[in-house]
Amino acid sequence: IASCLVGSEMCIRDRYGAHSGGSIIALGKSRSSTVGDATGAVQNGDTLGDIRFGGSDGTDMHNTAAQILGVVDGSVSSNTLPGRIVFLTNSGSSNHVERLRIDSSGNVLVGTTDTAIYDNGDSASEGIVLRGGEVIDIARKGDLQLTLNRQTNDGPHIAFYRSGGVRSYISTRNNAFCIDVNSTNERLRIDSDGRCIVGGGS
C-alpha cells in the first residue's frame, strides 16, 4: 500500500505493509524515442538519472549548487547494466565539478576520475582512490599526502594487524618517532635530536 502527498513545498511518499521493502524513487532511460519501448539499449556514459539542487541567487534559479548522477559504467547487454554514481558540487561559479564517484567495480574516487593514480607520472591527475574497499591510493603534487592528528596525548598513529591481531604500531612520544612491536613495546625511536635508539628506552 502506498500513499503520496505532493505540495508546493514537499513531496512525501510512504509505503505500508508487513514486509522489509521501503518507498522507491525510480529514474530510468531508454534510447528509444517511443514511450514505453525498452528496446533502446543505453550505452556506456549515458546518464540514467539526474538529481539537482538549486536556489535563487537573487537574479534567477538557473544555477545548480549540487548534483547527483546515475551513469552507465561499462558495456550493456541483456540484464547487465553496470553503473556508477557521481556527486558534483559548485564552488561558487556557474560550473559544477565532480567531487566523488563510486564506480561499477566498487572503487571510490575523490577528486579524480582516474583509478590508476598509484601508477601515474608527475604530470598526471591528483586525488584519492579507495580501490574495491581494500587499498587506498593518494596522489598529490608537491605537498602532504596524508596527515594523522592524534589529539590529547602521545601514542600510536598507525596499527598493523595480521590475522585479526595487532602486531606493531607507528607511534609518537615526546616529539619522537617510534616503532612498537608486540603491542606497544617500543623497539625503535628517533628523537628530536636525530638520535636513533634501538631496543626501547628514551
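Is Cys178 buried or exposed in this predicted model? Select Cys178 to begin: with a relative accessibility of 0%, this residue counts as buried, because the cut-off for burial is under 20%.

Stay with Cys178 and display its bridge partner, which is Arg189 in strand 13. Widening the selection to residues 176-181 and 185-190 brings up strand 12 and strand 13, which pair in the antiparallel sense over five bridges.

Next, show the whole sheet to which these strands belong. Five strands make up an open sheet in the order 10-11-12-13-14, and their pairing is antiparallel. Strand 10 (155-162) and strand 14 (196-198) stand at the edges with a single partner strand each, so one side of each has no neighbour in the sheet. From one strand to the next, the twist averages 20°.

Now colour the cysteine sulfurs. A disulfide is a covalent bond between the sulfur atoms of two cysteines. The structure holds zero disulfides. For Cys178, the closest cysteine sulfur is that of Cys196, and at 11 Å the distance is too far for a bond. Seen from the other end, Cys196 likewise is in no disulfide, its nearest cysteine sulfur being that of Cys178.

Turn then to the charged side chains, among which the count comes to eleven salt bridges. Select Arg173 in strand 11 (residues 165-173), a residue that is buried with a relative accessible area of 17%. Its side chain meets that of Asp180 in a salt bridge of 2.6 Å, N to O, and Asp180 is itself buried, at a relative accessible area of 0%. Arg173 also forms a salt bridge with Glu186, where the closest N and O atoms are 3.1 Å apart; this pair links distant parts of the chain, with Glu186 in strand 13 and the two positions 13 residues apart. Adding Arg189 to the selection completes the view, since Arg173, Asp180, Glu186 and Arg189 are linked in a network of salt bridges.

For another salt bridge, select Asp46 and Arg31, whose side chains meet at 2.7 Å, N to O. Both residues lie in the loop between strand 2 (11-15) and strand 3 (47-54), 15 residues apart. Asp46 is buried, at 9% relative accessible area, whereas Arg31 counts as partly exposed, at 45%.

Finish at Asn90, in strand 5 (residues 83-90), which counts as buried at 19% relative accessibility. Its side chain reaches the backbone oxygen of Thr64 at 3.1 Å. Leaving aside neighbours within four places in sequence, Asn90 is in contact with Thr64, Ala65, Asn95 and His96.

Notes
Residues numbered from 1 in each chain as written. Predicted model: local features only at pLDDT ≥ 70, side-chain atom pairs only at ≥ 80, totals over all residues. Heavy atoms only, no water. Pairing = 2+ DSSP bridges. Helix = DSSP H or I, 4+ residues; strand = E, 2+ residues; numbered from the N terminus. Axes fitted to C-alpha atoms, helices over the stretch in contact; angles between N-to-C directions. Buried < 20%, exposed > 50% of the residue type's maximum accessible area, 1.4 Å probe, protein only. Polar contact = N/O pair within 3.5 Å; in protein donor to acceptor, adjacent residues only side chain to side chain. Contact = heavy atoms within 4.5 Å. Disulfide = S-S within 2.5 Å. Salt bridge = Lys/Arg side-chain N within 4 Å of Asp/Glu carboxyl O.
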